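Today I am opening a new page for this chain and going through it one stop at a time. My plan is to write down what I looked up and what came back.

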Amino acid sequence: MSSQGSVTHFYCTGSWEIEITSVFILLGLSQNKNVEVLCFILFLFCYIIIWMGNLLIMISITCSPLINQPMYFFLNCLSLSDLSYTSTVTPKLMIDLLAERKTISYSSCMTQLFILHFLRGIEIFILTGMAYDRYVTICRPLNYTVIMSRQRCNTIITACCTGAFIHSASQFLLTIFLPFCGPNEIDHYFCDVYPLLKLACTDTYRIGLLVIVNSGLIALLTFVILMVSYFLILYTIRAYPAESFTKALSTCSSHVTVVVLFFVPVLFIYIRPATTFPEDKVFALFYTIIAPMFNPLIYTLRNMEMKNAMKK
């Protein structure tokens, strides 16, 4: 039987009857109740900031002429993605911090996995689109309005959603057909591929390699492309007047901060073989809660146009 009285169902293969887990137990961040209460208060505070900050950005951009500028059009989409992404994880996490038994059904687990990878993929590709916009702004300013037309921006967002769907669907298909007939305790606070591979009643070595190709290499290649684009930008602006150089450097440094805050934890988790470490849960907090909380601050505190739009 699966642990802690989880609900199970059975199917037969030949003369064998195999027990299939239909409820998972989430071990969460800690087994200490005092730590869980402290985390609940902290994450509630973070979640309120995430909602307030990203909603303020979305309203300020949508209700001002900034929505016609590609950079702010992408920032608006990034805020929506951040808000949706963290809302897929944080409410469940906070409920589990106060619950005696942290359970999630098989169907809910698979749904959460698909949505998380879909929204995370959108965010990764939007950050790439924003880097491309900054590159065109600084390196090809005379052709900027032609290259970054509204039609081109809409095409980039469509491509981001399509690429994210393909990525998420492939992760989902790699996981949905795995048999879970043994332990049902997920050593995490949400459903992800590597913790689930650890529970599968089959050899998952090849599937683990496919996950590395799907998640790890995509994240690594995107990160390298982003860093190269910012290097080219910095190389181009080195000869700018001091005032223009400072302004361009400030904008790029904000984007680089967001990229590093998001990609470094993702690379730590997905670029290695299919193994799990206790530190994974802490690193996952960076791209599920901390990055969505800091993005509004990073993009607004050092941006005069956003400050003016927010005041209006």
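**Entry 1: the nonpolar surface patch.** I started on the outside of this predicted model. I found a nonpolar surface patch of about 870 Å², made by V213, L217, L220, L221, V224, V228, F231, L232, Y235 and I271. I picked V213 for a closer look and placed it in helix α7, residues 205-237. Is V213 buried, partly exposed or exposed? Its relative accessibility is 48%, so I noted V213 as partly exposed.

**Entry 2: what the record says.** I then turned to UniProt, where an unreviewed entry lists "transmembrane region" for residues 35-59, 110-132, 153-180, 207-236, 248-271 and 283-301. I checked two of these spans against the model. Residues 207-236 are 100% helix and 0% strand, and the C-alpha atoms at the two ends lie 43 Å apart. Residues 110-132 also came out as 100% helix and 0% strand, with 33 Å between the end C-alpha atoms.

**Entry 3: the nonpolar core.** Next I went inside. The largest nonpolar core has 88 residues, and I asked which of them touch the most other members. They are L75, F263 and Y287. I followed Y287 further and, leaving aside neighbours within four places in sequence, listed its contacts: Y85, R120, F190, D192, F262, P265, V266, I269, Y270 and P292. I note that charged residues, R120 and D192, are included in that list.

**Entry 4: salt bridges.** How many salt bridges does the model hold? I got a count of 6. A reminder to myself: side chains of opposite charge can pair when their charged atoms come close.

I took K92 and D96 to begin with; their side chains meet in a salt bridge at 3.3 Å, N to O. The two sit 4 residues apart in helix α2 (residues 70-98), so about one helical turn separates them. K92 is partly exposed, because its relative accessibility is 23%. D96, at 5% relative accessibility, counts as buried.

Then I looked at K281, which forms a salt bridge with D187; the closest N and O atoms are 3.0 Å apart. This pair links distant parts of the chain, 94 residues apart: K281 is in helix α9 (residues 279-301), and D187 is in the loop between β5 (185-186) and α6 (193-199). I wrote K281 down as buried, since its relative accessible area is 10%. D187 has a relative accessible area of 36% and is therefore partly exposed.

My next pair was R272 and D280, whose side chains meet in a salt bridge at 2.4 Å, N to O. R272 is buried, with a relative accessible area of 10%. D280 is buried too, at 5%. I also found a network: K33, E36 and K102 are joined by salt bridges that share partners.

**Entry 5: E36.** That network sent me to E36, which lies in helix α1 (residues 33-62). Is E36 buried or exposed? It is buried, because its relative accessibility is 4% and the cut-off for buried is under 20%. Beyond neighbours within four places in sequence, E36 is in contact with S30, L97 and K102.

**Entry 6: a histidine.** I looked up H167 and found it in helix α5, residues 150-176. H167 is buried, with a relative accessible area of 10%. Which residues does H167 touch, not counting those up to four places away in sequence? My list reads H117, N214, S215 and I218.

**Entry 7: two prolines in loops.** I finished with P183 and P241. P183 is in the loop between α5 and β5, and I noted it as exposed because its relative accessible area is 57%. P183 and I25 are 158 residues apart along the chain, yet their C-alpha atoms are separated by 9.3 Å.

P241 sits in the loop between α7 and α8 (242-270). At 56% relative accessibility, P241 counts as exposed. I compared its position with V193, 48 residues away along the chain, and the C-alpha atoms of P241 and V193 are separated by 49 Å.

Conventions:
Residues numbered from 1 in each chain as written. Predicted model: local features only at pLDDT ≥ 70, side-chain atom pairs only at ≥ 80, totals over all residues. Heavy atoms only, no water. UniProt positions renumbered as here; feature names shortened; annotations may be inferred. Core = buried A, V, L, I, M, F, W, Y, C linked by side-chain atoms within 4.5 Å. Buried < 20%, exposed > 50% of the residue type's maximum accessible area, 1.4 Å probe, protein only. Contact = heavy atoms within 4.5 Å. Patch = residues over 30% accessible without salt bridge, like charges linked within 9 Å, V, L, I, M, F, W, Y side chains within 5 Å. Areas by Shrake-Rupley, 256 points an atom, 1.4 Å probe, with all protein chains shown as cover. Salt bridge = Lys/Arg side-chain N within 4 Å of Asp/Glu carboxyl O.
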